Every structure is written in structure tokens, then in C-alpha cells.
Amino acid sequence: MAEKSDNETFNQKHRENRLLADATKELNEWTGEDEAVEIHMFRMFSEVFKPHNKDEADALFIVGTKTTTPPLTTVSSAPVKPWLFSRVLALLGISFGLLTMLFMVFHSNKAVPGMIFIGSLAVPFSLTIMFFEINVYKNISVFQAMQVFLIGGIASLVATMIFYEIIPSGNGVGLGSALAIGFIEETAKMLIIGYFINSFKVNYIFNGLLIGACVGAGFAVFETSGYTDQFGLATLFVRSWQTIGTHTIWSAIIGAAIILAKERRQPVQGKIMVRPKFLRFYVLAVLLHTVWDWQIPLPFNDPFDIQTWILIAIAWIAIFVLINAGLREVRTLQGQRIIN
């Protein structure tokens, strides 16, 4: 009986591994490479659990200037291992905990605005720092990233409101309404991402991931703050952790897709929207957003939040594939001695 159980467990793991390999291979084909991508999540985040000093953190934050942007020949193509984002998340988490104590223990309503701000900011901003860390080209500064985070996040909300005035979206519950919302919001963010890619004149996949993440994170922060103000703090506690797999990640996918589709050293133009390298990832982001909003009538979905976890997993698989494509791009450019 035990041997049979072990065999069943082995077969199940084999099927799961095969399914993951097939998924990464399909996504990797969209980037131009015909092979599966090995996902080493624990290796990628291994530095999170190691001690780091202030000088190491300072070195990460001073990049992106004329004197601190390395030449392409010295850019590392080794697996990325971000860690600073976890310290930022911990800092914001502690701040949120203290504000919650003020509210719960001392019944101070003055703590509520701070709870909304920090709670909305914690995960999206920490993800932004993660994408800032893994931008191995180090050609975008902290100031530029914060510019995209703030201005880009707000501008994408403005663009979204304009689209909502033009396109009927319904209540967001049914499939058609969820699809309309997914299309509107991802298209609005895509336009702002394209603007900043043109403005900064960047040409690398990691740059697209970072700019997309900044726009999506800003969008997520302001959206969560608005929903919390409208529906109460319970909304904040749910939406804050869910942002690990929503706007920041979806927009990072779109940002990388824009870089994949545009011609190197050329500005983003409307014609990239019909190129498969962009269109496939853009549609993926829209569909992820659509299914996230769609209230699918499935048993056991609500109690266990199965739909949410599956969508988060799919989005992060796409991110891992795009990170792999970004490292492959570094090796290709260095091998061809292409300097931008």
C-alpha cells in the first residue's frame, strides 16, 4: 500500500513538473526561444535570508546616473537575486502594524489615513523595488522609478477614467463586463508605459519590466486607497496582499512585451500592437485581469480562493520566463558587442 502511495505521489509530481515545463516552454516561445524555462524560486530569493549591510543597500540605490550606469560589457547575466525589497516590505509592514495598534488598542481614528496609505503601498512598492534590483543594466535611477510610480500611476488612472467614459464596462461581475474592465485598464496602463519607455529611451527587457511594474504599482496603490475609503478597512486587508499578483505584475508583463516587440533604438509606435511578441503577452495580461474580476461560479472557489492563487501563479510564471529572456538578452548583446 505504501509503495503504491509513493508511486502515485511521484506520478503526480511528474505530471505537475511536466505541466509547468510545457507552460514555460510555450511562454518562452513567445520571447523567441524554443525551450522550457527552469524556475528556481528559492535560488532567486536566497539572498533575502542572508545578512546585508547599509553599504550594499546604498550601492543599489545610487545606480542610474551617468557615473553609476555600467557599460554593457560589465553587466551581469548571472541569475538575479533581489533582497532589498524584503527589507522595504518589512519596514512598511512594521509601520502598518504600529498604525494598526494605534487604531485597535488606543482607538485613534487619526491612524486610519496612515493605515490606508501604508497598507496600500506596502506590497506594490516593495515589488517595484524588486524590479528595480533585478534591472541588471542599472540604467534607471531611483528618481526616475519614483517618477514613473507616481506620475505614471496617476496618469494611467486618468487614462482609465477616459476610457470608461467611452466604453461601457458594466458592473465587473459577468464575463463580458470583466473583459471590458480588463481591456480598459490594461490598455490605459500600456499607453503610459509606452510613453515612459519612449521618454527614457530604454531598449532592454529588464527596463520594460521595471517601468511596467512602476506604472502598475502606482495604479494599484491609488486604486486600493480609493476602494478602502469607499468600502472600509476590511477591503484594505484583502486587497493589500492580493497585489502580489495583480496590477504591478500584469503591467510588468506588458512593459517587457513592448520592449520585445519594438525595434531596438527605435521609439514605441502603434504598429507594435499587432506584432505577436507584444500581442500575446498583452492578451495574457488582459485575460489575467479579466478572470481576476470575473466571479466564476465554481464550488470551493470562495472559501479557498483557488481562482486567486491560480492567477497569481500564472502571472509569476510569465515573470520568471521574461526574467530568463532578459538574461538571455544580456548574453546575446554582449556576444554581439551591441552597445546602446
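Student: Let's start with Pro70: in the loop between which helices is its place?

Tutor: Happy to start there, keeping in mind that this is a predicted model. One of the two helices covers residues 54-61 and the other covers 84-104. The place of Pro70 is in the loop between these two, α3 and α4.

Student: Is Pro70 buried, partly exposed or exposed?

Tutor: Its relative accessibility comes to 25%. Buried would need a value under 20% and exposed a value over 50%. Pro70 therefore counts as partly exposed.

Student: Which residues does Pro70 touch, leaving out those up to four places away in sequence?

Tutor: A helpful distance comes from Val136, which is 66 residues from Pro70 along the chain, while their C-alpha atoms are separated by 9.3 Å. With residues up to four places away in sequence left out, Pro70 touches Val75, Tyr137 and Lys138.

Student: Moving along the chain, is Ile94 buried or exposed?

Tutor: Ile94 has its place in helix α4. The C-alpha atoms of Ile94 and Ile118 are separated by 9.9 Å, with their positions 24 residues apart along the chain. The relative accessible area of Ile94 is 55%, and the cut-off to pass is 50%. Ile94 is therefore exposed.

Student: How are α4 and α5 oriented to each other?

Tutor: Their axes come within 8 Å and cross at roughly 175 degrees. Angles over 145 degrees fall in the antiparallel class. The residues of this contact divide into 17 nonpolar, 5 polar and 1 charged. As for orientation, α4 and α5 are therefore roughly antiparallel.

Student: What is the phi of His107, a residue other than glycine?

Tutor: His107 lies in the loop between α4 and α5. With a relative accessible area of 64%, His107 is exposed. Its phi is positive, near 55 degrees.

Student: And where is Lys201, which also has a positive phi?

Tutor: Lys201 is not a glycine, and its phi is about 55 degrees. Lys201 is exposed, at 71% relative accessible area. Its place is in the loop between α7 (175-200) and α8.

Student: Let's turn to the interior. Which residues have the most contacts inside the largest nonpolar core?

Tutor: That core has 96 residues. Helix α13, residues 306-336, gives the most to this core, with 15 residues. The residues with the most contacts inside the core are Phe131 and Leu209.

Student: Which residues does Phe131 touch, not counting those up to four places away in sequence?

Tutor: Phe131 lies in helix α5, and its relative accessibility of 1% makes it buried. Trp241 is 110 residues from Phe131 along the chain, and their C-alpha atoms are separated by 18 Å. Not counting residues up to four places away in sequence, Phe131 touches Leu209, Leu210, Ala213, Ile249, Ala252 and Ile319.

Student: With the same neighbours left out, what does Leu209 touch?

Tutor: Phe131 is one of the residues that Leu209 touches. Apart from residues up to four places away in sequence, the list is Phe131, Ala252, Gly255, Ala256, Ile319, Leu322 and Ile323.

Student: How do α5 and α8 pack, and how does their contact divide by class?

Tutor: The axes of α5 and α8 are 9 Å apart and the angle is about 175 degrees. That angle makes α5 roughly antiparallel to α8. Among the residues making the contact are Phe131 and Phe132 of α5, and Leu209 and Leu210 of α8. By class, the contact of α5 with α8 has 12 nonpolar, 5 polar and no charged residues.

Student: Is Asn135 buried or exposed?

Tutor: Asn135 is found in the loop between α5 (112-133) and α6 (142-166). Beyond residues up to four places away in sequence, Asn135 touches Ile140, Phe206, Asn207 and Leu210. At 2% relative accessibility, Asn135 counts as buried.

Student: One last pair: what is the handedness of the crossing where α6 passes α8?

Tutor: α6 packs on α8, residues 205-231, at about 60 degrees, with the axes 7 Å apart. That makes α6 oblique to α8. Their contact has 13 nonpolar, 5 polar and no charged residues. As for handedness, the crossing of α6 past α8 is right-handed.

Note on methods. Residues are numbered from 1 along each chain as its sequence is written. This is a predicted model: local features need pLDDT of at least 70, side-chain atom pairs count only at pLDDT 80 or more; totals for chains, interfaces and linings use all residues. Side-chain values use heavy atoms; hydrogens and water are left out. A nonpolar core is a set of buried Ala, Val, Leu, Ile, Met, Phe, Trp, Tyr and Cys residues joined through side-chain atoms within 4.5 Å. Buried means under 20% relative accessible area, exposed over 50%, partly exposed in between (1.4 Å probe, protein chains only). Helices (H or I, at least four residues) and strands (E, at least two) are DSSP runs, numbered from the N terminus. Contact means heavy atoms within 4.5 Å. Axes are lines fitted to C-alpha atoms, for helices over the stretch in contact, and angles run from 0 to 180 degrees between N-to-C directions. Angles under 35 degrees count as roughly parallel, over 145 as roughly antiparallel, 65 to 115 as roughly perpendicular and the rest as oblique. A crossing is left-handed if the near helix is turned anticlockwise from the far one by less than a right angle, and right-handed if clockwise. Ala, Val, Leu, Ile, Met, Phe, Trp, Tyr, Cys and Pro count as nonpolar, Asp, Glu, Lys and Arg as charged, and the others, Gly among them, as polar.
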